[in-house]
Each structure stands twice: as structure tokens, then as C-alpha cells.
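This report takes up the cysteines first and then turns to a sheet and the helices that lie across it.

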Amino acid sequence: MIANPVGRETLPPDFRTYLAITVCLASLWVIAAWFVTDDYRHRQAIAAIAAEAKDAKRLGESVALGVEHILSLRKGIAVTLAEEDLIRQFALSRGAGKAASGREERAGAGRRPADAVNRFLATASRHLELDALWLGDAYGYGIATDIPGLPHSPIGQNYADRVYFREARAGRIGYQYAFGKTTKIGGIFLSAPVMDEKRFFGFVVLKINISSLAVWLDQANAMLVDGNGVVIAARDKRLEMLALPDSAVFGLNTEERQRQYGRVEFQQLPIAPWEASRYPELRRVGGGETPVLLHSQALADFGLTLVVMQPVGQLAAIDHGRGILFPLAAAVGVLIIAIIAAVLAYLKYVQYSRGLLQRQYALRQQITDSIPGAFYLLDRSGRFLMWNHNLEAVLGRTAEEIGRSHPLDFFDEQDKPQVENAILEVFETGAGAVEAFFVAKDGKRTPYYFNGFRCILDNEPTLIGVGIDITRQAAAEATIRKLNADLSATLQAIPDLLFDLDRNGTYVGVWAHNPALLAHRKEELLGHTVAEMLPPEAAVAIMAAISQADNTGYSSGKTICLDFAGGTRWFELSMSKKAGADESVARFIMLARDVSERRRDELALVESERRFRDLFENNGSAMLLMDADNGKIVDANQAAAAYYGYPLARLIGMPISQINTLPPEEVAMESQRALREERNYFHFSHRLASGEVRDVEVYSTPIEIGAKALLLSVIHDITRRKKSEAQLRLAASVFANTNEGIVITDADNLIVDVNPGFCDITGYTKADVIGKNPKLLASGRQAPEFYTDMWKSLRERDFWRGEIWNRRKNNEVYAEIISISAVRDDAGKLQHYIGVFSDINQIKKYEDELVRFAHYDALTGVPNRRLFADRLGQALARVHRTGNPLAVCYLDLDDFKPVNDQYGHRAGDQLLIMITDRLQSLLRANDTIARLGGDEFALILTDLHRQEECYLLLDRIQAAVCTPVTLDVAVVTVSASIGVTLCPPDVSDATVLLRHADRAMYRAKEGGKNRYHLFDPERDQEA
């Protein structure tokens, strides 16, 4: 309150009449000022409440949009992962069995094919920055996760009592706020069903920790309320886990509250009318001392409500201003009256009136300085008429500098046009707003939201403006853009074509890992329909899939054919309807998978079967298909019926022992040998229908028809060479057309012929190899003993089969599987060797890749926990042999989490790689470093002749870790806490040694970090 001093001087006696009049006028003025200022205060309060209500709504919509956007993105990720082939196949394979108990599931987690799914989930969780991600089976048990080896892994936990599981089981997207069963951390869980047609096989769950939403709730004084009326997150942490009045949570039983919230008792959040206000819309929340406006924004798709508590602190300022304004107005009026009276009395009160006016100006400046943000008045020419100290502070300029500057002087060149347009808009239309960067004198750029209104001051149009700092809002918008970019990158990485279509077949979005598979460029597709851009047959198939998905939610199995410059390609379509969309504007996601290779293989298989049937039916040689298990003929050709003299219908189903003159048990034995490919060439005596016995040679080959192993036998009457010649022509056809490589040598092992498959695989032409020894293909990888065993088998059994490494003409070494047979004449004399081989180089590479993924950490390339356990076992065996002790070290990086939180996971990964490189450079050849997960490493130091060697190496390791690390975004420094145990004297069990080292590491952390602690079996035993 500012007091206006009143002079105590006594007026001259001849001016007492003027003084009486002055006092009367002053009294009337004071009464009028009281009513005017009270009405003015009331209008100010109404305007302040309306402005705050508008801001509360804007903030609520902005924050709700951000939270809903994050949840929608995560929901889309859950749906996409639930449709991923790897996850679906694994869930379907598990769906046929019974649910395992949690203990059994955890015990078997490391030995089951879930490892590939765990790695996939871990990669997805890391790149998509998820707080938790796992896969559950149809019974509610967790079967795969992004953190399989951690104590709080969901594997083996049962989630059948969760709402999101029941929703997924019903085929819907599920969501629920709950406390984690293993982490005991509250979060929002989103689930998507894994379905095969309409059958439920499992569910994908991802978790969003409530802390992940803090960046949005911190933009306003907001709280997030779940469907039971419980405050699950708030900027004011004191409000969390309080229940709104009349909440549904009070109707839940004790077990339901404990299961979902981890607590039984809930206190009610006090919400009462603001007792000191004449305005019913204001509330007191939680016993606060500031009136607030409550704005609720429903997140209907997720059963949540966002409540913004907008403080109306201006009421206190307005009341305070009224306390100042009323005496000020009264004083001004009294002063004016007094000045008039004083001028009539004598002139010395002029000086006093000037002093009072100066105090008025100071008071007005004080009022403007109390306005939050940057406040200013501009005339039409852009001259500053008034401003507050906040404007001087943000610009870093003095009042004199601002007074002689134009507003455009404080903005970047790219922002000046829009700022200038906004100023003109205010003077032309009465209001305007703009977002731009204020540029301070030191070059600092601060994002501001400017709002201006036109008023009339001294009969001249004047702009009243307020600028609000929106730095935090800009950061939130940047986070949204990053999430959108990450999602776009994830969609772009999907190997299949991905399309977003509406009900009319219009392309809304297109993502293509390989743009060459698109019928047209992406820009040409967007905004056009499939009928406009694709052939009629393809467009009809897509529209049929859309119609089916519109009715049932999903469509699969339809294929389309498109012609490209490189040839015809086939695509298999999977269509799903987007959940939650307005039915009037339904949208569909279509995956188009290139199945051209599979289609060609299917056509080739059909053609191959047709050729086989033609060959079988029309072959001039007698051919039989026999079931080696029961010895019956299951099929025969007409040539066989004619040769044996039986009608074809009678021949089919006849026991082979009725034809073969050998005892039935010998026939069965020879059939099994042929089935096992131990022998494929036989001499038999066969009895014809006429009773005549003929000598025949039989070639029996195992084949598979309809998943049944049969013997295909080709019978040649030795007395009739024409059938032998037909068989030779058949062999020549197979020789020329098979994809396998075939090489024929003479008895001296010199090449006499090769087939085109041999040339394709080795790169040699027939002219390159005829007359040469096959050892020109040798790679040198096999030892001489390998070839000795091979030739021994050929001499003793006339056959050898195995894997061998050979070298192509271009010197590329490749793996092949080869069968070599010796060919002899009737007298048993060796004539030829025939080798048939296939290139298995890609299979070998895949096997090597599987071994690498199974035993090495994907990020750092060092051994993982599995390979570490194997090497520790080998090291312990070496301790038993040599007696030299070893050390097992458990290393954990100190202050690694702040690096992750401040600079992101990419910086954390880069830090882990560089620390690993440093540790590897310090270890000896026989030592081992392994990454166990996160920022935890384990070391095996072998052949230690004395403990001092271990201590010296640990000192170097800690010095290397503490050395500052230069990342792409910053230079950071971390340290290491290391637990060490020595064997001996510690036990020689690998699991116990690692646990003791872990225990010692925690002792090192308890001792102040950045140190190592040697496990003492006497003092450091676990409780």
C-alpha cells in the first residue's frame, strides 16, 4: 500500500470557505471512487477467471493431446508387434501346450527357442524406448520379454487377473493402470492380442511408466486420473494415489485394490469451494492457499482423465490492486480538488502535486511489473510507450535501449515478417497472436507466444501486448516430432510394403523398405485410389480385402500379381482395420509381402510333380512304388503290369514277396537298406504271372510322397538291353537338368564329364576340368586324414557321403555336401566314380551367425552370459590342472544412468562400447570379458601366480574407466565398482563364484563407489 502524505499546514483564514467546499467535494469523490474501483475490481476478476479458464482449456487440450499421442503410438506398436511373424509363430507354437508354472518357465527360459523372441523384443524395446515389453501365452503367463535374465522379468508370471489380459483374450486392444507384479512400479499397460484367424494364442504387452508422462504433466499443474478415480500421476507428487470424491475405487474390495494399486487404503483428495471468493467456479484443492479452476479432459480411448488445476493467483493481486487503486483514485481526486483549491489559495502546492504525479507513475510501473511475462504498449509507428522489467530482463537491454528501438529489432530475420504482420493485424482487426524467438542482447534465443489487443489511449490506437515464455512447450513439441520420426523410421524398416488406405481404397500413407517393389512412386500413389493406380484384377482383390476387414476386422491370404520391368511379381496381402477410428472415416493398414520366389517354387513343384507322373506313367521301364514298412506295392506303371503279366489293379496292393523269389525276411531287410540309402542297386530274381523267373536289376531310391517315405524301384530285365538303354537316357536327362553338381571320373579319378550344375556351383566350364583330377577344387581346409577316411569308405562300401570345403574358380571357398558312389561292372571291376553335391555355403553362414548371436553381446561384441559361463567352467578346469588361481570380477559402472537419462540411450550405448574397448585392451590373451546386461560386466583373470597381479590389473581397469569419454553429444566421466573373488580360496563352483563377486561389488558400492572389494568367505557370506 502506498500512502499519500498530506500536509499539515493550516490554510489562511480567508480561504476557509474554499477549504470547506474542497472537503465536501473530496468526500463525494472518495464515495464515488469506492464504487468505481469496486466495480472495476469485479470486472478484472471476471476477466482474469475467464482468461485462466481459457488457458486451462488450452493447456489441458495440449497436454491431453501429447499424452494421448504417446499412448496411441504405443498402442500402434503393440498391434504391430502382435502381427509380427516371429512373435505370432512363437505364440502359436506355445498355444498347443499347457501353461507352465512360473518356476518351470524361469528354469527353462535359457534352453527354449524363446531366445530369438527375447532378442527381438529387447531390440524393439531399446529402439522404441519402451519401459517394458513382453509376450504372454493364452493362459496369461509371460513367455518372452525384453529383460529375460533380470530378477523382475515377467517370464513365468501370470497376468490372467489383469484387465488388459481379459481385453486381449476377447480380441481387443487392452489398457490398464496398475502396479507391476515384479517391478512394483506403477504404469499404464497396453496389450494387443496375438490371433490366428479368430483364435486367441497370446498377447503382447508394453508398459509406459508414469514417470515417462512427467514431461507433459509438468507443463501445467495437472494430474492424470484413471477409470477408478485414483490420481496416478501429478506434477504435485503429494496428490498421487489420492482418490477423487465419490470415486469407484472405494467400491473395490481389498484384494482388487491391492492387486491393481499395491495398497489398500486410499485418502480422498479434498476439493472444496473457495471460501474467500464470490465466484462459485473457483475451488480449493488439497488444502491449497491459491484458488484454482479445474478443467477435465477425457482420454476416452484409454479410460483416463486429465485434470488441469489452473491457479488464479491474480485474485490476490487484484484484491491487492484494489487496496492500492481505491486510495490512489481517491487520492488523485482529492489531490486534483486540493490542487484547484491550492491554486486559488497559493501556488506553492504546485510542487507537491508534481511529486504526487511522480509517485503515481511509479505505482503504475509497479503494477505493470507485476504482470507475468513480457508486457508492453506500442503506438501505430511501433514506438514503445510502456513496458515492464520482465521485458528488459528477457532482452538483456536497458530501458533507454528499448525506448529508442523498434520491436522488430529484437527478432531473427526469419521471424520479422510474421511479427510485423501480427502487429498490423492487431491494429486492423483488434487482436492478433504469433509465436517467435526473442533474441537477447547476448544472442540467447527464447521462444515466446505473443498475444496483442488494440485499445484507444489518448484518442490514439495503442497495442497492448503480453509475451509468454513457451520454452517447455517447444521442448514437448520437439519430443513429439522425435517420436513421430522414430515411428516413421520403424515403419520404413519393415521389409514388407505397408499402406494406409481408407474405405474407398485411397492411399493415405505409404512405407516401402524397397521402393522398387512399388507399382508407382510414393508421391504418385498418395491421394489416389487403388483402382486408379493398379490393374483391375489387383484393385478388385484389394477392395475385397478392405470389405472383409471392414466386416471382420482382418483379412489375409489374398494375392495380387503386378508386372514390373524385371518381370512379374506376386504379393500376399494382410489387411487389418484400424481400431478406434470413426466408422464414417474407417482406415485400414495393408501389408503386401513379396512372395514371388515362393510362387515360382510352388509352380516349379507342381511342374516337377507333373513331370514325375508323366515319367512314371509313360516310362517304358517297369517302375514300382513300394511301402518298405509293409512290403506292399502302392503304385505301378503300365510297363510293370505288362512286364509281370498282372493287371495293373491287381499289381497295386500286391506284396513284393509274391514277385521276389527271396525269402520275405530278406526282401524286407533289403528294402530297409534301400530306404536308408545304404544301397540302391540290387540283383534279384523276379517271378512273372506266368511262373517264369527272370533275372532283373533293380534301382531303388527313397522318395517322399504326401509325407510318406516310399521306395521308387526301376526294374530292368538284364536280357533286354533296350530297357537298359531307356534307363540310361533317363539318367542322362537327370544328369543334365538337376540343380545339384554332378562329376564323373574314371577309375584313375580323372574327370570324364560334369553337368551344368557343376559349372554353376564351381565356376569352371566343362573344358576347364575334363581330364583333370577333382583335387583342383580342394580348398586346403581338410587335413590329409579326412581324405584318407573318405577313400577308405569308397574302397570298402563303394559309397561316401559328407560335408567338404572346396574352392571355386574365383578362389572363393564354399561348403558343399557331397555323395560319392563307385560304379562297377558285372564282374565287380571299378569303372567310374560319380559325385553329386550341393552348395550349402549359405546354410553354413547362417549357422555361424546363430552361434555368434547365441554367445556374444549384440552391442559390444564381447561374450554374453552364456559364453561367459562356459569359459568360466573351462578356466576352473585349468585351475584344477595347473594349480594357478583365477579371479572372477563383477564390474558395474557408477553414474551410468544419469548419462542415459540426460543424453539418451544412443549415448549410453556409445559409452558402453568405448568402455568395453578400453577393458579389452587391458586384458591378456587368456582373460575373458563379458557383458551380463545393462552396465554390468564380468571378468575372468586366469593364471594368477600371486594376488598382486590381480590388484595391479584392477587399478589399471579403474583408471581406464575413470578417464573421460568423448561422446558425440558430450564428454562424460564414469567410474567402476568392482567385486572380486579368488579361486582358491573361494569355492570352485562357477555359479557361486559369480554370486560372490556380485556380492563383493555391492560392498564396493556401499563403500563409496569407484573402488574394488575382495570377497572374504568368512565375513561377506550372504545372509
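A search of the whole structure finds 0 disulfides, a disulfide being a pair of cysteine sulfur atoms within 2.5 Å. Cys 561, at 30% relative accessibility, counts as partly exposed, and Cys 759, at 22%, is likewise classed as partly exposed; buried means under 20% relative accessible area, exposed over 50%, and partly exposed in between, with a 1.4 Å probe and protein chains only. The model is predicted, so that local features need pLDDT of at least 70 and side-chain atom pairs count only at pLDDT 80 or more, whereas totals for chains, interfaces and linings use all residues. Residues are numbered from 1 along each chain as its sequence is written, and side-chain values use heavy atoms, with hydrogens and water left out.

An open sheet of 5 strands follows the order E33-E34-E32-E37-E38 with mixed pairing, where strands (E, at least two residues) and helices (H or I, at least four) are DSSP runs numbered from the N terminus, and two strands pair if DSSP finds at least two bridges between them. Its edge strands, E33 (928-933) and E38 (1012-1014), each pair on one side only, and the twist averages 20 degrees from one strand to the next. Strands E32 (residues 886-894) and E34 (residues 936-941) run antiparallel and are joined by 6 bridges; Val 888 has Ile 940 in E34 as its bridge partner.

Two helices lie across strands of this sheet, as tabulated here.

| Helix | Strands crossed | Angle |
|---|---|---|
| H28 (residues 905-922) | E32, E33 and E34 | about 155 degrees to E33 |
| H30 (residues 990-1006) | E32, E33, E34, E37 (975-983) and E38 | about 140 degrees to E37 |

Contact here means heavy atoms within 4.5 Å, and axes are lines fitted to C-alpha atoms, for helices over the stretch in contact, with angles running from 0 to 180 degrees between N-to-C directions.
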